[in-house]
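Visitor: Please take a close look at one part of this model for me. Start with a single residue and its contacts, then work outward.

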Amino acid sequence: MTTADPDEDLVRRVGQGDPAAIQAMVARKLPRMLALAQRMLGDPVEAEDVAQDALLRAWKQAPGWTPGKAKFDTWLHRVGLNLCYDRLRKRREIVTDAVPERPDESAAPDRGLMAADVGVRVDAALARLPDRQREAIVLCHYQELTNIEAAALMSVSVEALESLLSRGRRALRQALADMRPGAEGA
């Protein structure tokens with residue numbers, strides 16, 4: 001079954017070297033690639049590198065792109081995820097004596113800081129999830145892919161994706177349980 005690819009014309013034009021198409025691709029895809037990499041890596045500098053590398057690869061692949069084989073957006077997400085996993089593997093290989101900085105988890109003095117604290121806590125809990133659970137949650141909740149699209153991207157069945165989402169959500173709820181209303185004294 002082949003579905004229409006909304007990026008087909010854009011990719012064709014990028015492959016032909018159309019500067020306006022290249023700008024349009026960057027404008028359309030860079031924010032999503034940045035968001036994906038930021039959620040997967042938790043580091044804005046690394047996220048920028050990954051997003052730029054993914055778009056550079058898209059630009060290089062555009063002349064040979066075969067329409068109908070896969071959706072361009074799905075392919076680009078797979079490239080971004082692979083680049084993120086490469087960086088995560090390299091992180092595990094680095095041995096250091098330095099203790100990482102820990103965010104201040106004390107109560108924030110006002111709402112803006114409280115919201116930032118919540119975001120930091122959610123990001124930290126997300127970063128502690130196993131890679132596949134984090135990938136499933138990022139793709140479905142932050143990248144807003146459907147379960148079918150995310151499952152295809154991850155090369156798993158929809159049922160397996162739903163299991164990963166369920167386990168990931170459960171782990172996040174558990175990690176953030178103290179943030180629920182009425183849990184102050186818990």
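Guide: Take glutamine 133. Setting aside neighbours within four places in sequence, glutamine 133 is in contact with Leu164, Arg167 and Gly168. Keep in mind that this is a predicted model. Glutamine 133 sits in helix α6, which covers residues 131-142. Is glutamine 133 buried or exposed? Its relative accessibility is 10%. Buried means under 20% relative accessible area, so glutamine 133 counts as buried at 10%.

Now follow one of those contacts, Arg167. Arg167 belongs to a positive surface patch. The other members of that patch are Arg169, Arg170, Arg173 and Arg180. Arg167 therefore appears twice here: as a contact of glutamine 133, and as part of the patch, whose residues by definition have over 30% relative accessible area and no salt bridge.

Next, Arg180. Helix α8 spans 158-175, and arginine 180 lies in the segment after it. Arginine 180 has 43% relative accessibility. Partly exposed is the class between under 20% and over 50%, so arginine 180 counts as partly exposed at 43%.

Step back to the whole chain. The protein chain has eight helices and zero strands. Along the sequence the pattern reads α-α-α-α-α-α-α-α. The chain has 186 residues, and 32% of them count as buried. Among contacts with a separation of 6 or more, 62% come from residues 24 or more positions apart. The exposed area is about 11,600 Å², with carbon and sulfur atoms supplying 55% of it.

Note on methods
Residues numbered from 1 in each chain as written. Predicted model: local features only at pLDDT ≥ 70, side-chain atom pairs only at ≥ 80, totals over all residues. Heavy atoms only, no water. Patch = residues over 30% accessible without salt bridge, like charges linked within 9 Å, V, L, I, M, F, W, Y side chains within 5 Å. Areas by Shrake-Rupley, 256 points an atom, 1.4 Å probe, with all protein chains shown as cover. Salt bridge = Lys/Arg side-chain N within 4 Å of Asp/Glu carboxyl O. Lys, Arg positive; Asp, Glu negative; His and termini not counted. Charge placed at Lys NZ, Arg CZ, Asp CG, Glu CD. Helix = DSSP H or I, 4+ residues; strand = E, 2+ residues; numbered from the N terminus. Buried < 20%, exposed > 50% of the residue type's maximum accessible area, 1.4 Å probe, protein only. Contact = heavy atoms within 4.5 Å.
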